[in-house]
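Subject: Structure handover, cavity and pocket results

Hello,

I am passing on the structure we spoke about, and my notes on its cavities and pockets follow below.

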Amino acid sequence: MIGKLGHHANRGTTMKIAVIGGGPGGLYFAYLMKKHDPSHHLTVYEQNAAGATYGWGVVFSDIALSFLREADEEFYKEFTARHERCDYMEVVHKGVHVQLGNNHFSRTARIDLLNILQGACRRIGVDLCFEQRITDLSALSGADIIVAADGANSHVRSLYAEAFRPSVEQRRNKFAWYGTHQLFHPVSLIFRETQHGIFIAHSYQYSRDLSTFLVEVDPETWQRAGLDRKSEEESRHFCGEVFRPELGSNELLSNRSPWFQASIVRNENWTHRNIVLLGDACRSVHFSLGSGTRMALQDAIALHDGLVQNGNDVAAAFRYYEAVRRPATSNFQSAADKSLDWYENVSRKMHLDPVMFAYDYMRRTGRVSHDALRERDPRFIAAYEAASQAAA
């Protein structure tokens, strides 16, 4: 038996909750639960050191931030105080910068998000245990609930794979995460044709002096460019030269930046006895939609709400959590699949005029209509309609 209460705690009782994984979703859930009822015992176990982060920045839309504001305005204000903000994005195709207005994004360093969450948790009495990897859940036998927030490669999910029934789909394209001191004020998507094939950069400023710069390339181009044989340092230099027109005199910066392929995680079951999956352990959403951190934070809100509304009845809380989050997951993963297909087949689009290319990009998921784009940015739609008439 994993937990002393197995499947649910007594209604209204103090609970002992173990969170495995100190990422944004796990920390935010612990914070919300402890703040709601200080008598709960919340412990977060994170395998890395407190200051470790292997990403660069995170980006949120206004819609994503609205969920945080509704859930806890105090944390929202602290979290957003130093964000970099911009109300438009750019698609760069054939060297032409096409601006797309009324696309609001708020960006911050991932380490700042983690530091703020860690500080908020400490202030209200959440126990944070760093450099502690949980490999055997029997060590948590006293927990009423175990929250597995340990990422896309979740060890907990692997331990109970027969119960959760996960599936993992590996996509084609190759990626490498970099940073740079070149400041990309808007979220910028840069498409560059080279002698080897097409390179794509996803870039955005997230602090006063740093931007995220994610490089994407299809596997055939990756091999033709010899990146399959280059070291991490050689790859960094090569990609920097590909995007030299945008980077100027600035170089790409590495922080454990090997090439990888995106894996899309799904689970048939999200709970098993007193264990619940949260964030990327539960499902992953491809970063072309910029939604992974948002989804984890929304998971945390829904799981907290389920426990609050059901008086700590864990079985009922888990049912609530799935009822709220499964439809959102399905919608986002469906959109992400279409977005991935668009990127993996972008060679079919490269002949398009820059404005028409940007329009095709904006409509890639099928969730944004022509009329919605007109309402969002009438000047862009006027340019698109003029380009369409000229091409007819």
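**Cavity and second largest pocket**

The count comes to one cavity of 30 Å³ or more. Please keep in mind that this is a predicted model.

The largest cavity holds about 30 Å³ of space. Its lining is made up of F60, A64, F67, L68, R294, L297 and Q298. Two helices, α2 (62–71) and α10 (292–309), each supply at least two residues of that lining. By residue class, the lining of the largest cavity has five nonpolar residues, one polar and one charged. The charged one is R294, and the polar one is Q298.

The second largest pocket has a volume of about 150 Å³. It is lined by 15 residues, and those closest to its centre are I198, D218, T221, E344 and S347.

Which elements each supply at least two residues of the lining of this second largest pocket? They are the strands β10 (198–205) and β11 (211–217), together with the helices α7 (219–224) and α11 (314–344). The largest share of the lining comes from α7, with three residues.

How do the residues of the lining of the second largest pocket divide into nonpolar, polar and charged? There are five of each class: five nonpolar, five polar and five charged. Among the residues closest to the centre of this pocket, D218 and E344 are charged, T221 and S347 are polar, and I198 is nonpolar.

Regards

Notes. Residues numbered from 1 in each chain as written. Predicted model: local features only at pLDDT ≥ 70, side-chain atom pairs only at ≥ 80, totals over all residues. Heavy atoms only, no water. 1 Å grid on protein atoms, 1.4 Å probe; cavity = no way out; pocket = protein on both sides within 12 Å on 5 of 7 lines; lining within 4 Å. Points joined across faces, edges and corners; volume = space filled by probe spheres on them. Helix = DSSP H or I, 4+ residues; strand = E, 2+ residues; numbered from the N terminus.
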